[in-house]
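Reader: I am new to reading structures. Please pick one part, look at it closely, and then show me how its surroundings are built.

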Amino acid sequence: MSTKFTYYGGMCMSIETDCGFKILVDPFFHPDFCDKARMNFSDIDLVLVTHAAYDHYGDTAEILGKSNAILMAGTEVIRKTEREIGHLPSQRQYATIYGDERYFGDVCVRTMIAHHCSNTKEEADVNVSSMPLGFIVQCNDGVTYYHPGDTSIFSDMRLIRELYKPNIMIVGISRIAEQYPCEMTPREAAMATMMVAPDVVVPSHYSPGSKSLDEFIKHIDSFAPYTKVKSTIGKPFLCSSFICEDIEK
């Protein structure tokens, strides 16, 4: 039994359990990293969105329009989605807050704190804000994935380690584009990885051509030498509670 992960750039992660349950987290498909036109959205079961920024909200509305997926997110993301595609039935949306947990079959999603901001504009330039989120996804094969979203480093990442013991995490290592803020530097991201202590880390949230990836890998060698870095974009890999390996294509 194992869970399949595929990283698509930005902070977009696909998770597929061994039972075929498919999750997309922060579904922004960075055009310089992957070809969205090749994606099949019709079989997505669950969409998790940490906040309303374009590089996290991404193609949420399109995915929900092309599938029967459930959306779990903050209220600002749900309102943004409904402005774009119309009302979502109650069984297809869950507005969530810190400390929440939801079961989708034998997959458990827990909503975690993130140190950031989230807002979106409605008509007449009314600004709608909500809490930025992170997620813990616990799969049926014992794999636990930590998706911190756009957060700065914070010491309670150690508590997340103690409570949930993630096997795999994604972490932002820079800014998504030059004009935007940087939530964590490569060194801070490596320190965050050390605090969570996963078996596998996926560096994310950096722009094409950035030197941040090389810097992050260098710092990982110092801060978390036993954590395996998976930086390949668009190539799926398998994780179980014992092993992580690439899928040959």
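Author: What follows starts with one helix and then moves outward to its neighbours and to contacts elsewhere in the chain. Keep in mind that this is a predicted model.

Start with helix 6. It covers residues 212-223, which makes 12 residues. From its first C-alpha to its last, helix 6 reaches 16 Å. That is close to the 16 Å expected at 1.5 Å a residue.

Now ask which residues of helix 6 are buried. They are Ser212, Leu213, Phe216, His219 and Ile220. Look down the axis of helix 6: these buried residues fall within an arc of 125°, so they line one face of the helix. The general rule helps here. An α-helix has 3.6 residues a turn, so residues three or four places apart point the same way. Then turn to the face of helix 6 that points away from the buried side. That face carries the exposed residues Asp214, Lys218, Asp221 and Ser222.

What do the buried residues of helix 6 pack against? Two of the elements are strand 13 (168-172) and helix 5 (186-196). Strand 14 (200-204) and strand 15 (228-229) are also packed against them.

Next, look at the loops on either side of helix 6. The loop between strand 14 and helix 6 holds His205. His205 has a positive phi of about 60°, although it is not a glycine. Here is the background. Most residues other than glycine have a negative phi. Is His205 buried or exposed? At 2% relative accessibility, His205 counts as buried, because the cut-off for buried is under 20%.

On the other side, Thr227 sits in the loop between helix 6 and strand 15. Thr227 is buried too, at 10% relative accessibility. Leave aside its neighbours within four places in sequence. Thr227 is then in contact with Thr193, Pro198, Asp199, Val200, Val201 and Ile220. Ile220 is one of the buried residues of helix 6. Thr227 and Met169 are 58 residues apart in sequence, yet their C-alpha atoms are 10 Å apart in space.

Strand 13 also leads to another loop. Lys165 lies in the loop between helix 4 (157-164) and strand 13. Lys165 has a positive phi of about 50° and is not a glycine. Its setting can be set beside that of His205. Lys165 is exposed, with a relative accessible area of 59%, whereas His205 is buried.

Now move to helix 3, residues 75-85. Its buried residues are Glu76, Val77, Ile78, Lys80 and Thr81. Lys80 has a relative accessible area of 18%. The side chains of Lys80 and Glu84 meet in a salt bridge, at 3.7 Å from N to O. Both residues lie in helix 3, 4 residues apart, about one turn of the helix. Glu84 is partly exposed, at 45% relative accessibility. Lys80 has another partner. Its charged end sits over the ring of Tyr57, 4.9 Å from the ring centre. After helix 3 comes Gly86, with a positive phi near 95°.

How many salt bridges does the structure hold? It holds 6. Lys66 and Glu62 form one of them, at 2.7 Å from N to O. Glu62 is partly exposed, at 27% relative accessibility. Another joins Glu16 and Lys4, at 3.5 Å from N to O. This pair links distant parts of the chain: Glu16 is in strand 2 (residues 13-16) and Lys4 is in strand 1, 12 residues apart. Glu16 is partly exposed, with a relative accessible area of 22%. Lys4 is partly exposed as well, at 30%.

Strand 1 brings us to the rings. The structure holds 8 aromatic pairs. One of them is formed by Phe5 and Tyr145. The pair is tilted, with 5.6 Å from centre to centre and 50° between the planes. Phe5 lies in strand 1 (residues 3-7) and Tyr145 in strand 12 (residues 144-147), so the pair ties together parts that are 140 residues apart in sequence. Phe5 and Tyr145 are both buried. Ring pairs link these two and Phe237 into a cluster.

Terms used. Residues are numbered from 1 along each chain as its sequence is written. This is a predicted model: local features need pLDDT of at least 70, side-chain atom pairs count only at pLDDT 80 or more; totals for chains, interfaces and linings use all residues. Side-chain values use heavy atoms; hydrogens and water are left out. The expected span of a helix is 1.5 Å times one less than its number of residues. Buried means under 20% relative accessible area, exposed over 50%, partly exposed in between (1.4 Å probe, protein chains only). The arc is that of the directions from the helix axis to the C-beta atoms. Contact means heavy atoms within 4.5 Å. Rings of Phe, Tyr and Trp (its six-membered ring) pair if their centres lie within 6.5 Å; planes under 30 degrees apart count as stacked, over 60 as edge-to-face and the rest as tilted. A charge sits over a ring if NZ of Lys or CZ of Arg is within 6 Å of the ring centre and within 35 degrees of the ring normal. A salt bridge is a side-chain nitrogen of Lys or Arg within 4 Å of a carboxyl oxygen of Asp or Glu.
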